[in-house]
Amino acid sequence: MTPTSFSPTGIRFEKIDKRYGGLYALRRVSLEIVPGECVALAGRNGSGKTTLLRIAARLARPSAGAVSFLNGRGESGGTPAAGFVAHATMVYDELTAEENLLLFARLQGIAEPTARAEALLTEVGLLERRNSLVRTFSRGMRQRVAIARALLNEPAVILFDEPATGLDPQGVSWFAQTLKGLRDSCRTILMSVHGESEVSSLATRAIRLDAGSVVADTQTGANFRSILAFANA
Amino acid sequence: MALLSNTAVLLGKELRTEFRSRELLTTTVVFILTIVVLFSFTFDPSVSESRRFGPGLLWLAFLFAASLMLQPCFLREQTNDTLSALRLSVGDPFAIFFAKLAANTLFLLFTQVLLLPVFSVLYNVPILAAFPQLVLVMFMGSLGLSVTGTALSAISAQARMRELLLPLLLLPLLTPVLIASTEATAALLVPNPLMRWDWLGFLLAFDVVFLTALWLFGEYLLEE
């Protein structure tokens, strides 16, 4: 990844509840993710992983509780740039890869959007296909455009929602390399995963959600693998 | 300034994707043409009859065309969850609405300007004498349809029975716009065309009220 200028940022979830009608998607979730941590969120379908990520991205409001971002000294304040890669690609099929990046770069007020788009297309290996419509891309290529879009504003925090789903083994390897680069550049990463994989093994901490609550939270160690493996069950 | 620059960027995207896919324009133009041609052959109206019910027929056709056009307006942002990407990127969420309603108004106005000569020929109603005034009425009416329709499209896109919900909400709300537009159009199709400023003022007031409401509450319509 290109050397970047961003302030290390953590995330604090305080007693987060999220209800859809009478149904709790999240229940009293309290977590603190320190700057530079790479966290894997595991859990069965419907356990609340996506909801937690969307709340962190400020795409959904919690029904109760608060989410705040922490600076390097652990103080909360401001809303830093956060990149979000969902299972859906969040890019337009009817635009080319470059047009998509230019669109979002201009919306975000990025200086020299063309140069930034070109640099990211090079990083994700799509420079030669820059003028191709995204609808002509494979799932893996679309995911590359999605990652490039999320990195446009050089985010300190990156949220991935099942980023490797639908990728072939080659695509998963590419994504794991990209993730490793992002992790090593001290970005804070929160990603939902399904079971143990090349991607989830890059995490430095694993959290398991069940029915909207945190039921396990561990750093690397023996328990780490069991948390990820359990999610696959 | 950020609102205007974001709106301009998003309007450019709306126009680019539409002219690339021609999804909305083709549907609406074909739909409106079919209605106008069909009624012309079915009723074979005299000039006075055309002047009497022609404006109503025109605006009814525009209404149905608008509901066809407005339905996918936010729905297609859900295909790849691009609405979330837009929400994460723009400073003011009103820019998303502003761009969409500007695009919808332009598309609707384009189909109307395309249709007016066809209507004039088939119904034997001269329109050249009051063409600029007609375009102004069409613009104000289209803006009314678009402002209301864009807001309701955002609401209905997140609902379950979305195909049913949009027309159900849209038709009663748009009745005042349709009455005002029809009356203003009718006054311009008579032998001595007259600009009905009272109806135009009503349309302006309607547009301003709904635009302000959208500006104030639009952010909540985009939330999950």
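**Two sheets in chain A and a helical partner**

Within strand E4 of chain A, Ala66(A) is the bridge partner of Glu14(A). This pair is a convenient way into the structure, which is a predicted model. The two-chain prediction carries an ipTM of 0.87 and a pTM of 0.87.

The strand pairing around Glu14(A) can be followed outward from here. Strand E1, residues 10–20 of chain A, pairs with E4(A) in the antiparallel sense, and 6 bridges link the two. Both belong to an open sheet of 3 strands, arranged in the order E2-E1-E4 in chain A, with antiparallel pairing. At its edges are strand E2 (23–33) and strand E4 (64–70) of chain A, each of which pairs on one side only. On average, neighbouring strands of this sheet are turned by 15° against each other, direction ignored. As a general point, the strands of a sheet pair through backbone hydrogen bonds, in either a parallel or an antiparallel fashion.

Chain A also holds an open sheet of 6 strands, and here the pairing is mixed. Reading across this sheet, the order is E5-E6-E7-E3-E8-E9. Strand E5 (82–85) and strand E9 (213–219) of chain A stand at the edges; each has a single partner strand, so one side of each is left without a neighbour in the sheet. For this sheet, the average turn between neighbouring strands is 15°, again with direction ignored.

A helix accompanies these strands. Helix H1 of chain A, residues 49–56, lies across strand E3 (38–42), strand E6 (157–161), strand E7 (188–192) and E8 of the same chain. Relative to E7(A), helix H1 runs at about 150°.

One residue of strand E8 deserves a closer look. Arg208(A) is found in this strand, which covers residues 205–210 of chain A. Is Arg208(A) buried or exposed? Inside 10 Å it has 23 C-beta neighbours, and because the threshold for burial is 20 or more, Arg208(A) counts as buried. Across the pairing, its bridge partner in E9(A) is Ala216(A). The strands concerned, E8(A) and E9(A), run antiparallel and are joined by 6 bridges. Along the chain, Arg208(A) and Thr188(A) are 20 residues apart, and 18 Å separates their C-alpha atoms.

Attention now turns to chain B. This chain has 8 helices and 0 strands, so that its elements, from the N terminus on, read α-α-α-α-α-α-α-α. The radius of gyration of chain B is 18 Å, close to the 17 Å that the globule rule gives for 224 residues, so chain B is as compact as a globular protein of that length. Taken along the principal axes, the C-alpha atoms of chain B fill a box of roughly 55 × 30 × 30 Å. Of its 224 residues, 44% count as buried. Among contacts in chain B with a separation of 6 or more, 83% come from residues 24 or more positions apart. The average pLDDT of chain B is 90, and 100% of the residues score at least 70.

Finally, how do the two chains meet, and how many residues of each take part? The contact involves 21 residues of chain A and 18 residues of chain B. On the side of chain A that touches chain B, helix H2 (residues 97–107) of chain A supplies the largest share, with 4 residues. By character, the residues on this side of chain A divide into 13 nonpolar, 3 polar and 5 charged.

Key
Residues are numbered from 1 along each chain as its sequence is written. Chains are lettered from A and ligands numbered from 1 in the order in which they are written. This is a predicted model: local features need pLDDT of at least 70, side-chain atom pairs count only at pLDDT 80 or more; totals for chains, interfaces and linings use all residues. A residue is buried if 20 or more other C-beta atoms lie within 10 Å of its own, exposed if 12 or fewer, and partly exposed in between; C-beta atoms are placed from the backbone. Two residues are in contact if their C-beta atoms, placed from the backbone, lie within 7 Å. Ala, Val, Leu, Ile, Met, Phe, Trp, Tyr, Cys and Pro count as nonpolar, Asp, Glu, Lys and Arg as charged, and the others, Gly among them, as polar. Two strands pair if DSSP finds at least two bridges between them. Axes are lines fitted to C-alpha atoms, for helices over the stretch in contact, and angles run from 0 to 180 degrees between N-to-C directions. The radius of gyration is taken over C-alpha atoms; the globule rule is 2.2 Å times the number of residues to the power 0.38. pLDDT is the predictor's confidence in each residue, from 0 to 100.
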